[in-house]
Amino acid sequence: MNSHLTHPRDRQISLRFDRVSFSYGGASDSRKASSGRKEPSSRKVLENASFHIHQGEFIALVGPNGSGKTTVLKLLLGLEQPQGGRIELFGARFTPGARNRVGYVPQQAANDQSFPITVREAVKMGRLSPLSRKFGAVDQAAVEEALEQAEIADLAERSYTALSGGQRRRVLVARALAAKPEILILDEPTANMDRESEERLFATLGKLKAGEGGRITTILIVTHDTGFVSSLTDRVLCMGSREAGAEYGIVQHRTEVAGEGHDAGALGARIVHGESLPGDICDEEEIHK
Ligand SMILES: Nc1ncnc2c1ncn2[C@@H]1O[C@H](COP(=O)(O)OP(=O)(O)OP(=O)(O)O)[C@@H](O)[C@H]1O
């Protein structure tokens, strides 16, 4: 069976949260463990939160400020450990090897201002592995392809620091794509982005979703701007919704007519949308403050 032709929900699961609970200052909080100091109080972010994402799905993760979106990303990148439940990447518990198959585009690069390198060099960083193997022809080809995919080939020799915020964000996208990730995670990619960069990023994401180059990429995008990706989005995950048995959980909204797909019915609300997703997609009454 050609997996490209199958519906994403008939493909294997790339990522699963199974009744995940997490509190900052809780028993397995990494900062508490490393510092040895006791936090004055714990901050519960997730309780029994469950969702899963199929290979090739395009998912928007939305929710109000402080509802835990970044925390979900930290958990699935292995930067935080849940106190309860299970997180699976590619059908197994988190491993560093699985992490290498996930591309992450942060809101901004660490030390953004002091990045005295060209755009091509910044994208090359996506191919540098901790095993310090030689940078070869395959790596070079991947870098050139990522520059094209992110529509920044014309910027390749420019200094990274001379770029606009939106252009820098597209460099970070290219850096992630250079590693040919199976899952691509983007944290608020359009925040403070100029119109042209937004349009080019949208084009990049559209090509990834369409499977250009014969690769299937699963995409998880944290955004306040659901309109930006509405025509690409398969499902919306809403943070902070109260569900039976999950005080601080996540509700999955389908962006398709209710009843479709083999696992329809297992989840909460569904919505139907056309060109744009409504701003109040997550029921405000349901969102914890
Ligand atoms: N390192 C930390 N220690 C303690 N509490 C934290 C820490 N990081 C985040 N929090 C708290 O956990 C909750 C969830 O934070 P998180 O950053 O995940 O939310 P968010 O939805 O990404 O917010 P935003 O949209 O503002 O980026 C917030 O109440 C936040 O104050």
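Is Asn 192 buried or exposed? In this predicted model, Asn 192 is exposed, with a relative accessible area of 76%. The residue sits in the loop that links β7 and α7, and its phi is near 55°, a positive value in a residue other than glycine. Most residues other than glycine have a negative phi. Asn 192 is counted as exposed because its relative accessible area of 76% lies over the 50% cut-off.

A positive phi, near 50°, is also found at Lys 180, again a residue other than glycine. Lys 180 belongs to the loop between α6 and β7. With a relative accessible area of 27%, Lys 180 is partly exposed; this class applies because the value of 27% falls between the cut-offs of 20% and 50%. A positive phi of about 80° is taken by Gly 78, just after α2.

The overall architecture of the protein chain comprises seven helices and ten strands. The chain has 289 residues, of which 47% are buried. Its exposed surface is about 13,700 Å², and carbon and sulfur atoms supply 50% of that area. Among the contacts between residues at least 6 apart in sequence, 71% join residues at least 24 apart.

The ligand is surrounded by 13 residues, and those that come nearest are Arg 43, Gly 66, Lys 69, Thr 70 and Thr 71. By type, the shell divides into three nonpolar, seven polar and three charged residues. Three side chains place an N or O atom at a short listed distance from a ligand oxygen atom: the distance is 2.9 Å for Arg 43, 2.8 Å for Thr 70 and 2.5 Å for Thr 71. Taken alone, the ligand exposes 640 Å², and the protein buries 64% of that area. Two elements, β2 (43-54) and α2 (69-76), give two or more residues to the shell. The largest contribution is that of α2, with three residues.

Helix α2 is itself mostly covered, with six of its eight residues buried. The buried positions are Lys 69, Thr 71, Val 72, Leu 73, Leu 75 and Leu 76. Lys 69 and Thr 71 thus appear both among the buried residues of α2 and among the residues that come nearest to the ligand.

The largest nonpolar core contains 36 residues, and those with the most contacts inside it are Val 123, Ile 152, Leu 184 and Leu 205. At least two residues of this core come from each of β3 (58-62), α4 (119-124), α5 (137-149), α6 (165-178), β7 (183-187), α7 (195-210), β8 (218-222) and β9 (235-243). The largest share, seven residues, is supplied by α6. When residues up to four places away in sequence are not counted, Ile 152 touches Val 119, Val 123, Leu 147, Arg 170, Val 171 and Ala 174. Apart from this core lies another, of 27 residues, among them Val 72, Leu 73, Ile 185 and Met 239. Val 72 and Leu 73 of this second core are also buried residues of α2.

Leu 201 lies in helix α7. Its relative accessible area is 1%, and it is classed as buried because that value is under the 20% cut-off. Outside its neighbours within four places in sequence, Leu 201 is in contact with Arg 170, Val 173, Pro 189, Thr 190, Met 193 and Phe 228. One of these partners, Pro 189, is twelve residues from Leu 201 in sequence, with a C-alpha to C-alpha distance of 8.6 Å. Arg 170 is a contact of Leu 201 and is also touched by Ile 152.

Gly 227 lies in the loop between β8 and β9. With a relative accessible area of 38%, Gly 227 is partly exposed. In sequence, Gly 227 and Pro 116 are 111 residues apart, and their C-alpha atoms are 35 Å apart in space.

Methods: Residues numbered from 1 in each chain as written. Predicted model: local features only at pLDDT ≥ 70, side-chain atom pairs only at ≥ 80, totals over all residues. Heavy atoms only, no water. Near = heavy atom within 4 Å. Polar contact = N/O pair within 3.5 Å; in protein donor to acceptor, adjacent residues only side chain to side chain. Areas by Shrake-Rupley, 256 points an atom, 1.4 Å probe, with all protein chains shown as cover. Helix = DSSP H or I, 4+ residues; strand = E, 2+ residues; numbered from the N terminus. Nonpolar A, V, L, I, M, F, W, Y, C, P; charged D, E, K, R; others polar. Core = buried A, V, L, I, M, F, W, Y, C linked by side-chain atoms within 4.5 Å. Buried < 20%, exposed > 50% of the residue type's maximum accessible area, 1.4 Å probe, protein only. Contact = heavy atoms within 4.5 Å.
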